[in-house]
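Me: I would like to learn how to read the surroundings of a bound molecule, one feature at a time. Could you take me through an example?

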Amino acid sequence: MTNDFLSPDIIKDRLRTEFIGREIRYFDETGSTNDIAKELARKGALEGLLVLAETQTSGRGRLGRVWQSPPGGIWLSLILRPRLAPQEAPKLTFIGAIAVATAIRNLGLDAKIKWPNDVLVSNRKICGILTEMESETDVLHYVVVGIGINANFNKDKLPAEIQKTATTLKSELKESVNRNEFITCLLNEFERSYLVFLEKGFSPILEEWKELSCILNEDVRVYMDNRIIDGKAIDVDQASGALILKLDNGSFEKIFSGDVSIRRQK
Ligand code: ADP
């Protein structure tokens with residue numbers, strides 16, 4: 001992996017963005033890029049600041065679940081300061097997922113998005129996105145969008161139980177990718193979608209997202225905190241980003257958080 005190094009200078013040189021990734025804080029190793037980004041945001045860091053690490057020792061998923069972050073991956077967090085109501089912040093996860101899926105598709109892989117926040121290749125998780133925010137009643141102070149991509153390591157670097165459901169760019173392509181180029185493409189795409197969102201609202205984003213979704217029109221099972229629901233994933237709610245299910249009994253239900261899996265016909 002001699003040529004595989006992360007370089008903030010190369011990334012900044014090649015970016016075509018106005019503000020996303022214009023300032024980069026790089027770490028060989030950190031606990032969690034989201035934690036660093038939140039600390040910087042609290043101290044007043046500007047919109048677009050990127051925190052990037054070669055490895056994370058305590059990467060997190062939703063609900064405090066562990067996110068494995070070995071060396072060779074792409075572990076980054078972006079600080080955003082949109083003028084939105086706090087309940088709109090989850091929509092930024094959709095922008096992150098579109099940007100990641102597009103960057104992966106540029107490598108020739110058929111990346112798909114699984115609601116709410118995973119990007120899959122060959123039906124296996126290659127990326128997770130964790131959006132966190134700080135707000136007060138109706139004022140959003142900042143949002144941190146954390147993106148973790150299994151890039152230049154083979155999936156045998158992940159714990160055995162995760163290998164069954166995960167994949168990596170290297171495992172799929174049988175070679176390493178140029179991470180600096182990949183990140184540049186991801187950030188360009190992120191800013192493009194983010195600006196569309198701020199100027200035109202969520203509707204065009206949702207349209208793009210739907211094109212990339214692998215669960216719409218599928219029979220799914222949703223695991224929630226205290227129950228499991230079966231139904232067909234028919235749409236995503238424009239106002240909230242919730243998944244709309246048509247249940248097997250004909251009624252409709254909006255899902256705000258949960259883990260979705262596709263029910264395959266036997
Ligand atoms: P996120 O929302 O960030 O994807 P999740 O809670 O959905 O967070 O994902 C965390 C879960 O993903 C873990 O419980 C584990 O099963 C799995 N996981 C952890 N690390 C990885 C990884 N590097 N690649 C794929 N799956 C992972």
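**The shell around the ligand**

Reply: By class, six nonpolar, five polar and four charged residues form the shell around the ligand, where Ala, Val, Leu, Ile, Met, Phe, Trp, Tyr, Cys and Pro count as nonpolar, Asp, Glu, Lys and Arg as charged, and the others, Gly among them, as polar. The model is predicted, so local features need pLDDT of at least 70 and side-chain atom pairs count only at pLDDT 80 or more, while totals for chains, interfaces and linings use all residues. Residues are numbered from 1 along each chain as its sequence is written, and side-chain values use heavy atoms, with hydrogens and water left out.

Me: Which residues come nearest to the ligand?

Reply: A residue is near a molecule if one of its heavy atoms lies within 4 Å of it. Of the 15 residues around the ligand, the nearest are Arg65, Gln68, Asn117, Asp118 and Asn150.

Me: Which atoms of the ligand do Asn117, Asp118 and Gln68 approach?

Reply: A polar contact is a pair of N or O atoms within 3.5 Å. A polar side-chain atom of Asn117 lies 2.3 Å from an oxygen atom of the ligand, and one of Asp118 lies 3.0 Å from an oxygen atom of the ligand, whereas Gln68 places a backbone N or O atom 2.9 Å from a ligand nitrogen atom.

Me: Is Trp67 buried or exposed?

Reply: Buried means under 20% relative accessible area, exposed over 50%, and partly exposed in between, using a 1.4 Å probe and protein chains only. Trp67 is buried because its relative accessible area is 16%.

Terms used: A polar contact is a pair of N or O atoms within 3.5 Å; within protein, one must be able to donate a hydrogen and the other to accept it, and residues adjacent in sequence count only if both atoms are side-chain atoms.
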